[in-house]
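Let's walk through this one together, starting with a cluster of rings and working outwards. Have the viewer open and follow along.

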Amino acid sequence: MRDTMRRVVRQSKFRHVFGQAVKNDQCYDDIRVSRVTWDSSFCAVNPRFVAIIVDASGGGAFLVLPLHKTGRIDKSYPTVCGHTGPVLDIDWCPHNDQVIASGSEDCTVMVWQIPENGLTLSLTEPVVVLEGHSKRVGIVAWHPTARNVLLSAGCDNAIIIWNVGTGEALINLDDMHVDVIYNVSWNRNGSLICTASKDKKVRIIDPRKQEIIAEKEKTHEGARPMRAIFLADGNIFTTGFSRMSERQLALWNPKNMEEPIALHEMDTSNGVLLPFYDPDTNIIYLCGKGDSSIRYFEITDESPYVHYLNTFSSKEPQRGMGFMPKRGLDVNKCEIARFFKLHERKCEPIIMTVPRKSDLFQDDLYPDTAGPEAALEAEEWFEGKNADPLLISLKHGYIPGKNRDLKVVKKNILDNKPAANKKSDLISAPKKAADASDTQNEAKLDEILKELKSIKDTITNQDERISKLEQQMAKIAD
């Protein structure tokens, strides 16, 4: 009897994970969350900041708030507002907590450096503008292990991979998708990407060889948007809709995409399911847009492979969702995930906890996790090297180090010219470029010197006035 009982109740340390919304004073209130009809999460978080795409008249903007800045957010709070069209997606750089990328309807990708303590003035000047898409850019995703490598996907059905350090597009995959790309996901070491598209196909692509390694037609039969993400073991997890418009989730082995390893039907709601995956615990959290719940599942090697754990429910539907990296969690409270749920007018953190009696560090819940140090430089990755994430221990909590500034070194403008240039052009062009930059620098220097001179003059005038006033005061006193 005991044997059958053991078989019925599966052993798992995550069976009792429970979610809890924080108290009202720890929410971020009075935020006008974007109303753009686009299925991205509208929110990105890291151990320092929470970024939220907001409604903005005459352009696109997003808020960046230090995590501790809870409560009511003033309407005049500075935003990041350099785009000329609505912002559709944002993503924090995994190797620098002050760098964030944004994709917009204005067909550009911009990369921003946020000051260490947050914004005091609105930020309109990005560190670099990446131009190459011909239609709106709905997806941006940083490479998990290589520094300054950023992927963007647009409604022109193209995926571009950029070296942000030089501001160049180094890989352009513009002939692999015939329809809108719903999402793109890097694998654990960033050697492959998988995409879900409106043509109901999931493709696995080697971006450096620019070839499709595997694909599956009609991954989900329904017409509504799908999502596909890589898991740590290389398998692929998808969410989508059946022909009867029921929401489904499935697990696939990329080496054999004929049949799914597991396929589950969930419910008939019509919100797109956004999957958030934690590779350390192998738990997937599904947040439906417009749902008021977060369902979570554990992925294991034994049938049925995708095990339902529980559902966190609340009253308010969610407009979007941010997912905190592991190093931003409170290990002393056995917190294994933290979500930032967007309502219509606020952002509410939700904490997922494993109940434990002991106050000691629980190493089974917190294996070493991906740290903020990049394993490769951009150039190494483009040359063909791969590396797994560099792991850190969370035993004593995560202490953020000093982030280095993002510097963009623009390559010589000649690199973009057609190869059929005459030799004389090649010799004169760098000279022209150098001359132009010299004259620019000189003009800037002149401006600065003029400003200095006028400041000095002002100071001298003020000094004279002060001494006169002092003399007058002395006379009055006498």
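**A walk through the model**

Start at Phe276, which is buried at a relative accessible area of 12%; buried here means under 20% relative accessible area, exposed means over 50%, and partly exposed is what falls in between, using a 1.4 Å probe and protein chains only. Before going further, note that this is a predicted model, where local features need pLDDT of at least 70, side-chain atom pairs count only at pLDDT 80 or more, and totals for chains, interfaces and linings use all residues. Residues are numbered from 1 along each chain as its sequence is written, and side-chain values use heavy atoms, with hydrogens and water left out.

Phe276 has ring partners. A pair of aromatic rings is described by the distance of the centres and the angle of the planes. The convention here is that rings of Phe, Tyr and Trp (its six-membered ring) pair if their centres lie within 6.5 Å, with planes under 30 degrees apart counted as stacked, over 60 as edge-to-face and the rest as tilted. The structure holds 13 aromatic pairs on that basis. In one of them, the ring centres of Phe276 and Phe323 are 5.6 Å apart and the planes meet at 50 degrees, so this pair is tilted. It ties together distant parts of the chain: Phe276 belongs to strand E24 (residues 273–278) and Phe323 to strand E28 (residues 320–323), 47 residues apart. Strand and helix labels are DSSP runs numbered from the N terminus (helices are H or I with at least four residues, strands are E with at least two).

Now turn to Phe339. Its ring centre is 5.8 Å from that of Phe276, and the planes are at 80 degrees, so the pair is edge-to-face. Again distant parts of the chain are linked, with Phe276 in strand E24 and Phe339 in strand E29 (residues 335–342), 63 residues apart. Phe339 is buried, with a relative accessibility of 0%. Which residues do ring pairs join into a cluster with Phe276? They are Tyr285, Tyr296, Phe323 and Phe339.

Rings also turn up with charges over them, which here takes NZ of Lys or CZ of Arg within 6 Å of the ring centre and within 35 degrees of the ring normal. Lys289 lies over the face of Phe42, 3.9 Å from the ring centre. Arg224 does likewise with Phe241, its charged end sitting 5.3 Å from the centre of the ring.

Next, have a look at two loop residues. Asn235 lies in the loop between strand E20 (227–230) and strand E21 (236–241). Is Asn235 buried or exposed? It counts as buried, at 16% relative accessibility. Leaving aside neighbours within four places in sequence, Asn235 is in contact (heavy atoms within 4.5 Å) with residues including Phe230, Leu251, Trp252 and Pro254. Ser242 is in the loop between E21 and strand E22 (247–252), and is buried at 7% relative accessibility. With neighbours within four places in sequence set aside, its contacts are Glu221, Gly222, Gln248 and Glu265.

For a strand residue, try Ile160 in strand E14 (residues 159–163). Ile160 is buried, with a relative accessible area of 2%. Not counting residues up to four places away in sequence, Ile160 touches several residues, among them His133, Leu150, Ala169 and Ile171. Asn441 is 281 residues from Ile160 in sequence and 33 Å away in space, C-alpha to C-alpha.

Time to zoom out. The chain has three helices and 32 strands, and buried residues make up 50% of its 478 residues. Its C-alpha trace spans about 105 × 75 × 40 Å along the principal axes. Of the contacts with a separation of 6 or more, 53% are between residues 24 or more positions apart.

An automatic or database domain assignment divides the chain into domain 1 (18–392) and domain 2 (449–477). The two domain centres, taken over C-alpha atoms, are separated by 58 Å. An unreviewed UniProt entry annotates residues 445–472 as "coiled-coil region". In the model, residues 445–472 are 100% helix and 0% strand, with the end C-alpha atoms 41 Å apart. UniProt positions are given in the numbering used here, feature names are shortened, and annotations may be inferred rather than shown by experiment.

Finally, confidence. The chain averages a pLDDT (the predictor's confidence in each residue, from 0 to 100) of 89, and 92% of the residues score at least 70. Over residues 1–7 the pLDDT is below 50, and this stretch has zero contacts beyond near neighbours in sequence. Residues 412–434 also have a pLDDT below 50, with six contacts in the model beyond near neighbours in sequence.
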